[in-house]
Amino acid sequence: MQRPVFAANWKMNHGPTEAREFMTSFLRYYPRHSDRQVLFFPASITLAAVVDALKERTDIRVGVQNIHWEDKGAFTGEISAAMARDAGAHLALVGHSERRHVFGETDAETGRKVAACFRAHIVPMLCVGEKLAEREAGETESVVLRQLRAGLADISAEQVAHLLIAYEPVWAIGTGKTATPEDASRVHQVLRAELRALAPDKYSAIPILYGGSVNRANATQLVIAPEVDGVLVGGASLDAEGWAAIVRA
Ligand code: PEP
């Protein structure tokens with residue numbers, strides 16, 4: 001089994017001052033562990049504060065929550081993958097459900113963003129997940145496979161081996177409803193089989209994280225479920241002590 005990944009998505013929370021206070025506290029609760037990987041996705045404006053707070057902790061990696069698919073240009077308010085890399089980001093979330101369903105990001109745009117990450121030497125974490133109506137209509141597999149194929153459409157098989165995937169059912173994000181470990185495992189198996197077709201030599205090493213109302217009470221059961229290689233956590237990653245308890249468990 002590979003090292004489990006614990007990724008914190010802070011969404012539009014924690015400005016630089018709060019982030020510095022968070023890190024002072026979090027690093028006290030979380031000494032270096034070599035058997036797991038911890039990632040933070042702060043807001044872009046908070047990135048520099050988090051990178052600075054973690055400069056002695058190279059075991060923890062930082063990413064941005066979104067990038068534009070172009071490398072530069074007249075796109076007011078956007079940031080490119082190269083800019084994020086220059087500011088210290090090693091990763092970027094792509095296709096988070098709030099980008100897809102609040103901001104209208106399309107499958108094709110996620111593919112362009114994944115490709116932009118590779119051009120800038122940033123690791124994308126491609127997020128996929130079905131809405132409640134799609135789940136109830138029995139469309140979970142077809143939706144996540146469509147999103148996976150579109151997200152990876154513009155990259156090579158070699159590049160596919162160097163990204164992360166997060167399965168985040170939309171109905172579970174921020175709702176307090178979590179997929180059961182069995183449900184998560186089943187969808188991860190479907191994703192894994194598709195990754196096998198896309199990257200036959202390396203598919204088994206691609207981390208597939210689960211996200212959606214993960215908390216202190218359910219994190220361990222999800223992380224140890226077959227085919228679940230870690231968790232992507234929103235709300236429960238905002239409190240330093242609580243998040244440290246999840247990543248230490
Ligand atoms: C997320 O934002 O990716 C997420 C899973 O949020 P939450 O943990 O709050 O459901």
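## Helix 11 across the strands

Helix 11 lies across strand 1 (5-9), strand 2 (37-41) and strand 8 (230-233). Its direction makes an angle of about 160° with strand 1. This picture comes from a predicted model.

## Helix 11 against helix 1

Helix 11 covers residues 240-248, and helix 1 covers residues 16-29. The two helices pack at an angle of about 35°. Their axes are 9 Å apart. The crossing of helix 1 and helix 11 is right-handed.

Helix 1 brings Phe-22, Ser-25, Phe-26 and Tyr-29 to the contact. Helix 11 meets them with Ala-240, Glu-241, Trp-243, Ala-244, Val-247 and Arg-248. Sorted by class, the contact of helix 1 with helix 11 holds seven nonpolar residues, one polar residue and two charged residues.

## The barrel

Strands 1 and 8, both crossed by helix 11, belong to a closed barrel of eight strands. The order is 1-2-3-4-5-6-7-8, and the pairing is parallel. From one strand to the next, the twist averages 25°.

## Strands 4 and 5

One pairing in the barrel can be followed by residue. Strand 4 (residues 91-94) and strand 5 (residues 123-128) run parallel and are joined by four bridges. Ala-92 has Pro-124 in strand 5 as its bridge partner.

## Helix 7 over strands 5 and 6

Strand 5 also has a helix lying across it: helix 7, residues 140-151. Helix 7 lies across strand 6 (164-167) as well. Relative to strand 5, helix 7 runs at about 155°.

Key. Residues are numbered from 1 along each chain as its sequence is written. This is a predicted model: local features need pLDDT of at least 70, side-chain atom pairs count only at pLDDT 80 or more; totals for chains, interfaces and linings use all residues. Side-chain values use heavy atoms; hydrogens and water are left out. Axes are lines fitted to C-alpha atoms, for helices over the stretch in contact, and angles run from 0 to 180 degrees between N-to-C directions. A crossing is left-handed if the near helix is turned anticlockwise from the far one by less than a right angle, and right-handed if clockwise. Contact means heavy atoms within 4.5 Å. Ala, Val, Leu, Ile, Met, Phe, Trp, Tyr, Cys and Pro count as nonpolar, Asp, Glu, Lys and Arg as charged, and the others, Gly among them, as polar. Two strands pair if DSSP finds at least two bridges between them.
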